[in-house]
Amino acid sequence: MTGVQRVNIALARLPTWPVYVAGMLPAAWAVWLGATGGLGVEPINALENRLGLLALQFLIAGLAVTPLRRWTGINLIRFRRALGLVAMGHLVLHLTVWLVLDLRDWGLIWADIVKRPYITVGMLAFALLLPLAATSSNRAIRSLGPLRWRRLHRLVYLAVPLGGLHFVMQAKGWQIEPLVYLATILGLLALRVGVTRARVAA
């Protein structure tokens, strides 16, 4: 038995609930820092940005699952749903901070979405992810059927790049970190296309 096989056997024995618990700890820590003055002189803006970045990181982790299995043999597929829902949890918190603590005036929501392109892109990504989160259950798979469910969840391949683009645009300048995130997303999608083509060829 190889080392990868041993790792996969160990992973198969692990429950998925610790991913949800551990995955939301960074959000809890960020909120705690924001409430106790640990996020600097602009805690609301810092909290909003940190939660958004955490959401993007978990989305990227979800994208990495298939290429990781393809190139290393390590199988994390059973944890991909948890990674996606944890990402959505951070994204909802990110949006809540923007709406409740940053924007404050609910009458300005539509104006901000329309007039600020980076918010337009971010809200589009959020809208695409909503039906995916709503159908992330075994019951939804049975209701939609596996084929329709898979087709619907391909929206993630559009939503995550939009999230990366939102990060780049929000930075208001060609900063290295957002560009690295976007390049990573595009690279993972390219690997995904390679995996799909290999399956078709086989």
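Which residues does the UniProt annotation "domain: Ferric oxidoreductase" cover? According to that unreviewed entry, the answer is residues 52-162. The legends below walk through this predicted model one close-up at a time.

**View 1. The annotated domain, from residue 52 to residue 162.**
Begin with the stretch that the UniProt record labels "domain: Ferric oxidoreductase". In the model, this span is 83% helix and 0% strand. Its end C-alpha atoms, those of residues 52 and 162, lie 13 Å apart.

**View 2. Stretches that the record calls "transmembrane region".**
The unreviewed UniProt entry places this feature at residues 20-39, 51-70, 82-101, 113-134, 155-173 and 179-195. Two of them are worth a look here. Residues 113-134 are 95% helix and 0% strand, and the C-alpha atoms at the ends of that span are 23 Å apart. For residues 155-173, the helix share is 79% and the strand share 0%, with 28 Å between the end C-alpha atoms.

**View 3. Helix 4 packs against helix 6.**
Two packed helices can be described by the angle between their axes and the distance between those axes. Helix 4 takes in residues 80-103 and helix 6 residues 117-134. They meet at an angle of about 140°, and their axes are 11 Å apart; the two helices are therefore oblique to each other. Their crossing is left-handed. To follow the contact, find L85, M88, L91, V92, L95 and W98 on helix 4, which meet I119, M123, F126, L129, L130 and A133 on helix 6. By class, the contact residues are 12 nonpolar, no polar and no charged.

**View 4. Helix 6 packs against helix 9.**
Now turn to another partner of helix 6. The angle between helix 6 and helix 9 is about 155°, with 8 Å between the axes. The pair is therefore roughly antiparallel, and the crossing is left-handed. Helix 6 contributes P117, Y118, I119, V121, G122, L124, A125, L128, L129 and L132 to the contact, while helix 9 brings V156, L158, A159, L162, G163, L165, H166, M169 and Q170. This contact has 15 nonpolar, four polar and no charged residues.

**View 5. A closer look at G163 in helix 9.**
Helix 9 runs over residues 156-170, and G163 is part of it. Is G163 buried or exposed? With a relative accessible area of 17%, G163 is buried, because the cut-off for buried is under 20%. Setting aside residues up to four places away in sequence, G163 touches L56 and A125. Look for L59 as well: it is 104 residues from G163 along the chain, yet their C-alpha atoms are separated by 9.0 Å.

**View 6. D112 and its contacts.**
D112 sits in helix 5, which spans residues 109-115. Its relative accessibility is 11%, so D112 counts as buried. Which residues does D112 touch, not counting those up to four places away in sequence? They are W98, L103 and I119. Two of these names may be familiar from View 3, where W98 belongs to helix 4 and I119 to helix 6.

**View 7. H153 in helix 8.**
Our last stop is helix 8, residues 146-153, where H153 is found. H153 has a relative accessibility of 14% and so counts as buried. Leaving out neighbours within four places in sequence, H153 is in contact with L132, T135 and S136. You met L132 in View 4, among the helix 6 residues in the contact with helix 9.

Notes:
Residues numbered from 1 in each chain as written. Predicted model: local features only at pLDDT ≥ 70, side-chain atom pairs only at ≥ 80, totals over all residues. Heavy atoms only, no water. Buried < 20%, exposed > 50% of the residue type's maximum accessible area, 1.4 Å probe, protein only. Contact = heavy atoms within 4.5 Å. Axes fitted to C-alpha atoms, helices over the stretch in contact; angles between N-to-C directions. Parallel < 35°, antiparallel > 145°, perpendicular 65-115°, else oblique. Left-handed = near helix turned anticlockwise from the far one by under 90°. Nonpolar A, V, L, I, M, F, W, Y, C, P; charged D, E, K, R; others polar. UniProt positions renumbered as here; feature names shortened; annotations may be inferred.
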